[in-house]
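Colleague: I am new to this one, and I would like to know where the words used for it come from. Could we go through them together?

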Amino acid sequence: MTSLLAQLKAHTVVVADTGELSAIQRFQPEDATTNPSLILKAIAAGQYPELLSAAIAQARQLSDDPHQQLQLASDRLVVAMGVEILRHVPGRVSTEVPARLSFDTAATLSKARELCQLYQQAGIPRERILIKIASTWEGIQAARVLEQEGIQCNLTLIFNFAQARACAEAGVFLISPFVGRILDWHVKQHPQQHFTPATEPGVESVRAIYQFFKKHDYRTVVMGASFRNAGEILALSGCDRLTISPALLEELAAAKGQVALALQDKGERAPRPAALDEATFRWQMNEDAMATEKLAEGIRVFDQDQRKLEALLSQQLAT
């Protein structure tokens, strides 16, 4: 009998949620996703030393201003890591716009275009990258413009149905609903309540989004993310894509059993509802304490790790 991972790949596009090349080479995912936390982890572990040195050298050549050097080094490092990852996956890599820009549409657009230009200079076509943006209202509007320009996006930190729906209505290529972080919030609020993988609120959220997108013929890809256990992953077998950490990829690769198809497009279609406006979007987010708290927390954590990465780069630039 084949492994659970091999069976899962027959139903779902598997994406590696890591910047570790060894894990990507071992598990052979279709795509890979990165974020500031994963990049910081890889650099702190001593990976990509040549790319780090090259980014520092390029930044010094391009500017004498310390602040500008830092931004140049940061952008060149994350793009260089993306280019290296693309040598080992047949599909795409997601590269994230700094979280501190999450409430600034114009700044998000500017940074996304800069990152795409760097990939283009490295010989990577647009169809192999996704620009990763937090799913604030401002981020979604930036993604709307980018998609019209042919720059495809991965809208991350999805915790509420309104976020997912607004992304689909904006024509976003892919969204990443965060399964495990939704569970974390509910476990903290209701420590005595027991959840099975199939009934976890994060799993139910992805299931509802998937069904809504298929029913109303939205082409936006649903990619479940932020898993806490293998059961959650198997409960979403059949989802368009699932991005999975190396530890859970290892667990699935070592386990035997039967993977049942949990999500399936049954072909039922209905007219699309009227699009959400900004006021409705913000009200629905306001009414969801979990989504409001977890989105804010996610942005803060990504920014904290971005700042740690920048501190590391500043030290390198100063030597």
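The talk below takes up the overall form first and the cavities afterwards.

Modeller: Happily! This is a predicted model, in which local features need pLDDT of at least 70 and side-chain atom pairs count only at pLDDT 80 or more, while totals for chains, interfaces and linings use all residues. Residues are numbered from 1 along each chain as its sequence is written, and side-chain values use heavy atoms, with hydrogens and water left out.

Colleague: What makes the radius of gyration agree with a compact globule?

Modeller: The radius is taken over C-alpha atoms, and the globule rule is 2.2 Å times the number of residues to the power 0.38. For 319 residues a compact globule would come near 20 Å, and the protein has 19 Å, so the two agree. Along the principal axes, the C-alpha atoms fill a box of roughly 55 × 50 × 40 Å.

Colleague: How many of the residues are called buried, and what does the word mean?

Modeller: Buried means under 20% relative accessible area, exposed over 50%, and partly exposed in between, with a 1.4 Å probe and protein chains only. By that cut-off, 56% of the 319 residues are buried.

Colleague: How do you know how many helices and strands there are?

Modeller: They are DSSP runs numbered from the N terminus: helices are H or I with at least four residues, strands E with at least two. Counted that way, the protein has 14 helices and eight strands.

Colleague: Why is a space called a cavity?

Modeller: On a 1 Å grid over the protein atoms alone, a cavity is a set of points where a 1.4 Å probe fits but cannot get out. Three cavities of 30 Å³ or more turn up in the whole structure. The largest holds about 90 Å³, where a volume is the space filled by probe spheres set on the points, joined across faces, edges and corners.

Colleague: Which element gives the largest share of the lining of that largest cavity?

Modeller: Lining residues have an atom within 4 Å of a point. H5 (66-86) supplies the largest share, three residues. The lining includes Ser74, Asp75 and Val78.

Colleague: And what gives the most to the lining of the second largest cavity?

Modeller: That is E2, with three residues. Strand E2 spans 31-33, and Asp31, Ala32 and Thr33 are among the lining residues. The second largest cavity holds about 40 Å³.

Key
1 Å grid on protein atoms, 1.4 Å probe; cavity = no way out; pocket = protein on both sides within 12 Å on 5 of 7 lines; lining within 4 Å.
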